[in-house]
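Here are some short exercises to help you find your way around a new structure. Try each task by yourself, then read through the solution.

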Amino acid sequence: MKRRTFIQNASLSGLGVVAGTTVLACNNTSSTSEANSKENPVDTMKNTEKPTPIAICTWGFTKANEAAGIALKNGDPALDAAIKGVSVEEENLKNTTVGKGGAPDREGNVTLDACVMDPSGDCGAVLCVAHITNVAALARKVMEETPHVILAGEGAEEFALANGFEKENLLTEASKEAWQEWLKTSEYKPLINIENHDTIGMLTMDGNGDIAGACTTSGLSYKMKGRVGDSPIIGSGLFLDNEIGGAVATGMGEEVLKTVGSFLIVELMRNGMSPQEACEEAVHRIVKKNDRYKDFQVAYIAMNKAGETGAYCIHEGFTMMRYQDGKNENVAVDFYKKS
Ligand code: SD4
C-alpha cells in the first residue's frame with residue numbers, strides 16, 4: 001500500500017482538501033472556529049451530546065479506518081475497533097512498513113513495535129518482536145494479562161506464543177528482494193522520507209464517547225538491529241486521556257521521542273487548545289530546535305473528547321483518514337515547510 005496512491009486518490013476524489021492552515025472536511029465544528037471561541041473544548045464537551053463514533057488514522061489507510069469505523073458503528077468498544085482497524089494493515093503483505101511484509105532491519109530481520117491504550121488509561125506495548133504479525137493485539141494482551149506495560153524482543157515473542165499467537169516468518173519475498181537491493185549500497189540514512197514509512201496510528205471514539213488508540217509499525221526500513229522508535233512508546237507514538245482526547249504520531253520516531261509528542265498534544269488540549277492547534281504546536285516544538293527538520297517528516301493526528309479532530313506535519317504529503325457518520329474520508333493535512 002503506497003502512500004502516493006492514497007494522496008492521488010485524495011486529490012482525485014476531491015475529498016478533504018486543505019486550505020489555509022487548518023484541516024478541512026470536518027463534520028463537526030471546525031478547529032478554527034473552536035480556536036476562536038476561546039472556550040476550553042473539554043468544558044464545551046460537558047454540555048454536548050455524545051458524538052457519533054469516530055475513527056481516525058495516519059496516512060491513507062482506507063480499509064483499516066473503515067474496518068474500525070464499521071466496528072464502532074456495530075457497537076464495538078473503542079479499543080476493539082482500533083485493534084481491528086490496525087490489524088488490517090498488519091496483515092497487508094503489500095504494506096512494507098507495518099506488520100507482515102514490513103521492511104527488515106539491516107540484517108534482514110523484520111521486527112515490529114506496537115502499543116495500545118484504553119479509555120481507562122491502561123496501556124500495553126511490545127518492542128522489537130520478530131515473528132508475530134498482530135502486535136497491536138499482542139500489546140493488548142500485555143496490558144490485560146500481565147502486571148507490566150512493556151515486553152520486548154524474545155520475551156514478548158514467548159509471551160505471544162504462550163497466548164496462542166502464531167509464529168510466522170514476517171519477511172516476504174518482495175521485502176527480501178528490496179532489502180537485498182539495498183544491501184548493494186547499504187547506504188544507511190535514518191531519514192524519514194516518502195519511500196520508507198507508513199506507520200498506522202489510530203484513535204477511535206465509540207458510541208459511549210470513550211476513546212482508545214493503537215499504533216503499530218515495522219519502524220524505519222533497514223534500521224540498526226534493536227532500534228526502536230516512538231510508535232510503541234506511550235506518550236510518544238500514542239497517548240490519550242479519556243477526559244481530554246488522544247494523539248498519535250508518525251514519521252521520524254527519534255524526534256517524536258525527544259519531544260514526547262503525543263503526550264504533549266493531549267496536555268495542550270487539556271489546557272484549551274483545539275486538536276489542530278495542539279498538533280501544530282507539537283510540530284513547532286520540533287522544527288524550532290534546528291534546521292534538521294528539512295530532512296525528515298513528523299506528522300501528528302489528534303481528536304478531543306468533543307469529537308473534533310486535527311492534524312499537522314512538517315512536509316507536504318501526509319494525509320489522515322477520518323470515519324464518521326458512515327463516511328470514510330481521506331483528509332489532506334496542512335504542513336509547516338511551505339517551500
Ligand atoms: C518509527 N515512527 O519507527 C516510526 C516510523 C513511522 O511512518 O512512523 N513511519 O520511527
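## Exercise 1: The sheet

Find the order of the strands in the open sheet of this predicted model, and name its edges.

*Solution.* Start with the order: eight strands form the open sheet, running S4-S3-S2-S6-S5-S1-S11-S12, with mixed pairing. Next, look for strands that pair on one side only: these edge strands are S4 (150-152) and S12 (327-332). From one strand to the next, the twist averages 10°.

Now zoom in on one edge. Strand S3 (residues 123-129) runs parallel to S4, and three bridges join them. Val 126 has Leu 151 in S4 as its bridge partner.

Finally, add a helix. Helix H4 (residues 62-73) packs on the sheet and touches S1 (54-58), S5 (200-205), S11 (319-324) and S12. The direction of H4 makes about 25° with that of S11.

## Exercise 2: A ring pair

Work out how the rings of Trp 59 and Phe 318 are arranged, and which parts of the chain they tie together.

*Solution.* Searching the whole structure gives four aromatic pairs. In the pair of Trp 59 and Phe 318, the centres are 4.8 Å apart and the planes make 85°. Planes over 60 degrees apart count as edge-to-face, and this pair is edge-to-face.

Then place each residue. Trp 59 sits in the loop between S1 and H4, and Phe 318 in the loop between S10 (309-313) and S11, so the pair ties together parts 259 residues apart in sequence.

## Exercise 3: Buried or exposed?

Decide whether Trp 59 and Tyr 336 are buried, partly exposed or exposed.

*Solution.* Buried means under 20% relative accessible area. Trp 59, at 1%, is therefore buried. Tyr 336, at 32%, counts as partly exposed.

Key:
Residues are numbered from 1 along each chain as its sequence is written. This is a predicted model: local features need pLDDT of at least 70, side-chain atom pairs count only at pLDDT 80 or more; totals for chains, interfaces and linings use all residues. Side-chain values use heavy atoms; hydrogens and water are left out. Two strands pair if DSSP finds at least two bridges between them. Helices (H or I, at least four residues) and strands (E, at least two) are DSSP runs, numbered from the N terminus. Axes are lines fitted to C-alpha atoms, for helices over the stretch in contact, and angles run from 0 to 180 degrees between N-to-C directions. Contact means heavy atoms within 4.5 Å. Rings of Phe, Tyr and Trp (its six-membered ring) pair if their centres lie within 6.5 Å; planes under 30 degrees apart count as stacked, over 60 as edge-to-face and the rest as tilted. Buried means under 20% relative accessible area, exposed over 50%, partly exposed in between (1.4 Å probe, protein chains only).
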